[in-house]
Amino acid sequence: MKIRPLYDRVVIRRNEEEQTTAGGILLPGSAKEKPNQGEVVAVGDGKALDNGEVRALAVKVGDTVVFGQYAGSNTIEVDGEELIIMGESEIYAVVE
């Protein structure tokens, strides 16, 4: 299944976080924080401005982005994979 977000929305796949600490301690799933980085999987057409024009998004498919810990509370499952849908404004930076 393909997904196409609308307007200024972005679909992100979270990067997997390591299972052990630097000291070699294995972390159970409930003790781990969700990573705040991910890869952009799909982007919308852009933000609709008041004058009717559409401003293109600053991120593109394949970018690695940084977002807040609580950003993107809308998660969906596509082909057995958990993805996050968030607005472009919830993205802090693009990792280059």
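**Exercise 1. The sheet**

Work out the strand order of the open sheet in this predicted model, and find which strands lie at its edges.

*Solution.* Start with the order: the sheet has 6 strands, arranged E6-E7-E1-E2-E5-E8, and the pairing is antiparallel. Next, look for strands that pair on one side only; these are strand E6 (74-78) and strand E8 (91-95), the edge strands. From one strand to the next, the twist averages 45°.

Now zoom in on one pair. E1 and strand E2 (residues 37-43) run antiparallel and are joined by 5 bridges. Within this pair, Ile 12 stands opposite Val 40 in E2.

**Exercise 2. The nonpolar core**

Find which residues make up the largest nonpolar core, and which elements give two or more residues to it.

*Solution.* Begin with the members. The core has 11 residues: Val 10, Ile 12, Val 40, Leu 57, Val 59, Val 65, Phe 67, Ala 71, Ile 84, Met 86 and Ile 91. Then sort them by element: strand E1 (9-14), strand E5 (64-67) and strand E7 (81-87) each give two or more. Ile 12 and Val 40, the facing residues from the first exercise, both belong to this core. As background, nonpolar side chains in soluble globular proteins tend to be buried together.

Finish with one member, Ala 71. Setting aside neighbours within four places in sequence, Ala 71 is in contact with Arg 14, Met 86 and Glu 90. Of these partners, Met 86 is listed in the core as well.

**Exercise 3. Salt bridges**

The structure holds 5 salt bridges. Take three of them, and ask how each partner is placed: buried, partly exposed or exposed?

*Solution.* Step one is Glu 39 with Arg 13, where the closest N and O atoms are 3.2 Å apart. Because Glu 39 lies in strand E2 and Arg 13 in strand E1, this pair ties together parts that are 26 residues apart in sequence. Glu 39 counts as partly exposed at 31% relative accessibility, and Arg 13 is partly exposed too, at 27%.

Step two is Arg 55 with Glu 88, at 3.5 Å from N to O. Arg 55 sits in strand E4 (residues 54-55) and Glu 88 in the loop between E7 and E8, so the parts tied together are 33 residues apart in sequence. Arg 55 is partly exposed at 35%. Glu 88, at 12%, is under the 20% cut-off and therefore buried.

Step three is Lys 60 with Asp 63, whose closest N and O atoms are 3.1 Å apart. Lys 60 has 53% relative accessibility, which is over 50%, so Lys 60 counts as exposed. Asp 63 is buried, with a relative accessible area of 10%.

Last, check for shared partners: Arg 13, Glu 39 and Glu 81 are joined into one network by such salt bridges.

**Exercise 4. Positive phi**

Where in the chain do Tyr 7 and Asp 79 lie, and what is the phi of each?

*Solution.* First, the expectation: most residues other than glycine have a negative phi. Tyr 7 has a phi near 55°, a positive value, and is found in the segment before E1. With 54% relative accessibility, Tyr 7 counts as exposed.

Asp 79 is not a glycine either, yet its phi is positive, at about 55°. Asp 79 lies in the loop between E6 and E7, and at 62% relative accessibility it counts as exposed.

Notes: Residues are numbered from 1 along each chain as its sequence is written. This is a predicted model: local features need pLDDT of at least 70, side-chain atom pairs count only at pLDDT 80 or more; totals for chains, interfaces and linings use all residues. Side-chain values use heavy atoms; hydrogens and water are left out. A nonpolar core is a set of buried Ala, Val, Leu, Ile, Met, Phe, Trp, Tyr and Cys residues joined through side-chain atoms within 4.5 Å. Buried means under 20% relative accessible area, exposed over 50%, partly exposed in between (1.4 Å probe, protein chains only). Helices (H or I, at least four residues) and strands (E, at least two) are DSSP runs, numbered from the N terminus. Contact means heavy atoms within 4.5 Å. Two strands pair if DSSP finds at least two bridges between them. Axes are lines fitted to C-alpha atoms, for helices over the stretch in contact, and angles run from 0 to 180 degrees between N-to-C directions. A salt bridge is a side-chain nitrogen of Lys or Arg within 4 Å of a carboxyl oxygen of Asp or Glu.
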